[in-house]
Amino acid sequence: MTTGVNPLTLLPERWQPLARRSADLLREHQDAGGGWPASPHFAPYQFSWFRDGSFIADGASAAGLHAEADRFHAWCAGVLDREKPAVAKVLTMLEAGEQPADADYLPARYNLDGTRQLDDWWNFQVDGYGTWLWALERHLGRIAGGDVAPYVDAIETAVRYLVATGTDTCRDWWEENRDRTHVATLAGVSAGLLAAVRIAPLPRELVLRAVEVADACVDLVRTRGTRDGHLVKWLDGEDVDASLLSVAALYDALPLDDPLVTATVAEVEARLVDGGVHRYEADTFYGGGQWPVLASLLAVHHARTGSPDRAAELLDWVTTTADDDRLLPEQVAPLLAPEVLDEWLERWGPPAHPLLWSHGMFLAAATLTG
């Protein structure tokens with residue numbers, strides 16, 4: 001609930017400059033309509049993703065930027081209200097045994113005005129809609145008199161969409177591997193559905209179906225999303241991915257003390273951590289650097305599991321990645337695949353800097369840890 005105390009003033013002094021800069025950036029770059037570009041200056045990211053934006057909004061809300069978080073959640077609700085006919089079309093096709101084209105599904109990203117961007121982006125990802133429901137519940141719980149009423153219709157649209165699509169194949173957090181069902185995606189879907197059931201007056205039949213699908217997501221994670229006692233990137237796979245940290249640390253799809261979670265964090269630390277956190281071992285995007293957003297995510301896990309010193313160590317590392325203007329990048333060296341960096345530089349120019357998700361996740365982790 002709102003207390004009137006600025007959460008940023010409670011942080012350790014060494015984190016306050018970056019935290020204040022992060023808050024200023026989120027205010028500065030939020031579109032008047034409520035959407036946040038993933039990165040304001042990197043052309044491929046000048047769109048608002050449900051996933052990135054929801055994580056940014058969660059950090060904003062945790063840092064006391066309640067009006068900004070309100071505007072983002074209203075933007076999401078407006079998009080979903082406009083997309084209701086598209087959702088109905090997808091549901092009708094699926095019920096008839098027809099396979100929608102990827103362009104029929106809701107996209108992962110939108111223009112800042114809430115309209116679809118018609119291009120060949122890797123858009124079919126469902127986790128963002130679950131993450132929005134998860135973040136909305138958290139935000140409403142932080143503010144006095146948080147009212148779900150303005151969001152109920154959009155929540156129902158999102159739930160109906162996730163119930164129909166949430167356990168199928170789609171692209172992952174990194175917009176890759178279209179033919180897989182991803183463990184982090186399943187966790188986000190489950191968390192979103194259960195959040196919706198808790199906060200919204202949904203039809204009884206939809207509540208029952210939402211709980212059923214949420215449970216099915218977790219069952220898939222436990223039965224097919226593991227190998228050698230730890231979670232894996234996708235069902236029946238072998239690889240470890242840093243997005244798996246979200247399963248418990250953010251989404252609470254599994255308990256934080258579940259042996260699967262403990263073993264997964266150990267695998268991430270052993271395979272992907274070198275000061276910061278890489279996405280996965282075979283990553284070649286811009287050479288496969290370390291992502292500040294993932295270091296903050298790992299810090300959330302350690303803060304929530306009673307290891308504040310390790311969480312603080314990770315957040316101290318995040319602060320070292322900021323430039324002289326205290327802007328956080330998408331990723332930094334060392335690289336896993338430096339030989340391909342030039343290919344990406346020729347294709348898109350320098351990588352995203354700042355990445356607003358980096359700033360939002362830092363705020364979320366710092367306010368939790370500090």
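**Exercise 1. How are α2 and α5 oriented to each other, roughly parallel or roughly antiparallel?**

Before the solution, some conventions apply. The model is predicted, with local features requiring pLDDT of at least 70 and side-chain atom pairs counted only at pLDDT 80 or more, while totals for chains, interfaces and linings use all residues. Residues are numbered from 1 along each chain as its sequence is written, and side-chain values use heavy atoms, with hydrogens and water left out.

*Solution.* Two packed helices are described by the angle between their axes and the distance between the axes. Helix α5 spans residues 127–142, and α2 packs with α5 at an angle of about 15°, the axes being 8 Å apart. Here axes are lines fitted to C-alpha atoms, for helices over the stretch in contact, and angles run from 0 to 180 degrees between N-to-C directions; helices (H or I, at least four residues) and strands (E, at least two) are DSSP runs, numbered from the N terminus. Angles under 35 degrees count as roughly parallel, over 145 as roughly antiparallel, 65 to 115 as roughly perpendicular and the rest as oblique. α2 and α5 are therefore roughly parallel to each other.

The crossing of α2 and α5 is left-handed, a term for a near helix turned anticlockwise from the far one by less than a right angle. Contact (heavy atoms within 4.5 Å) involves residues of α2 including F50, R51 and F55, and residues of α5 including Y129, W132 and W134. The residues of this contact divide into seven nonpolar, five polar and five charged, where Ala, Val, Leu, Ile, Met, Phe, Trp, Tyr, Cys and Pro count as nonpolar, Asp, Glu, Lys and Arg as charged, and the others, Gly among them, as polar.

**Exercise 2. Classify the packing of α6 and α8, and describe the residues that make the contact.**

*Solution.* The axes of α6 (residues 152–165) and α8 (residues 204–224) come within 10 Å and cross at roughly 50°. That angle makes α6 oblique to α8, and the crossing is left-handed. On the α6 side the contact is made by E156, V159, R160, L162 and V163, and on the α8 side by E205, L206, R209, A210 and V213. These residues divide into six nonpolar, no polar and four charged.

**Exercise 3. Which parts of the chain does the salt bridge of E175 with R51 link?**

*Solution.* A salt bridge is a side-chain nitrogen of Lys or Arg within 4 Å of a carboxyl oxygen of Asp or Glu, and by this rule the count comes to 29. In the pair E175 and R51, the closest N and O atoms are 3.9 Å apart. E175 lies in the loop between α6 and α7 (183–199), whereas R51 lies in helix α2 (residues 50–62), 124 residues away in sequence. With relative accessible area classed as buried under 20%, exposed over 50% and partly exposed in between (1.4 Å probe, protein chains only), E175 is buried at 12%, and R51 is buried at 3%.

**Exercise 4. Place G34 in the structure and list its contacts beyond the neighbours within four places in sequence.**

*Solution.* G34 is found in the loop between α1 (16–29) and β1 (48–49), and at 0% relative accessibility G34 counts as buried. Leaving aside neighbours within four places in sequence, G34 is in contact with R71, F72 and W75. R71 also belongs to a network of salt bridges with D24, R27 and E68.
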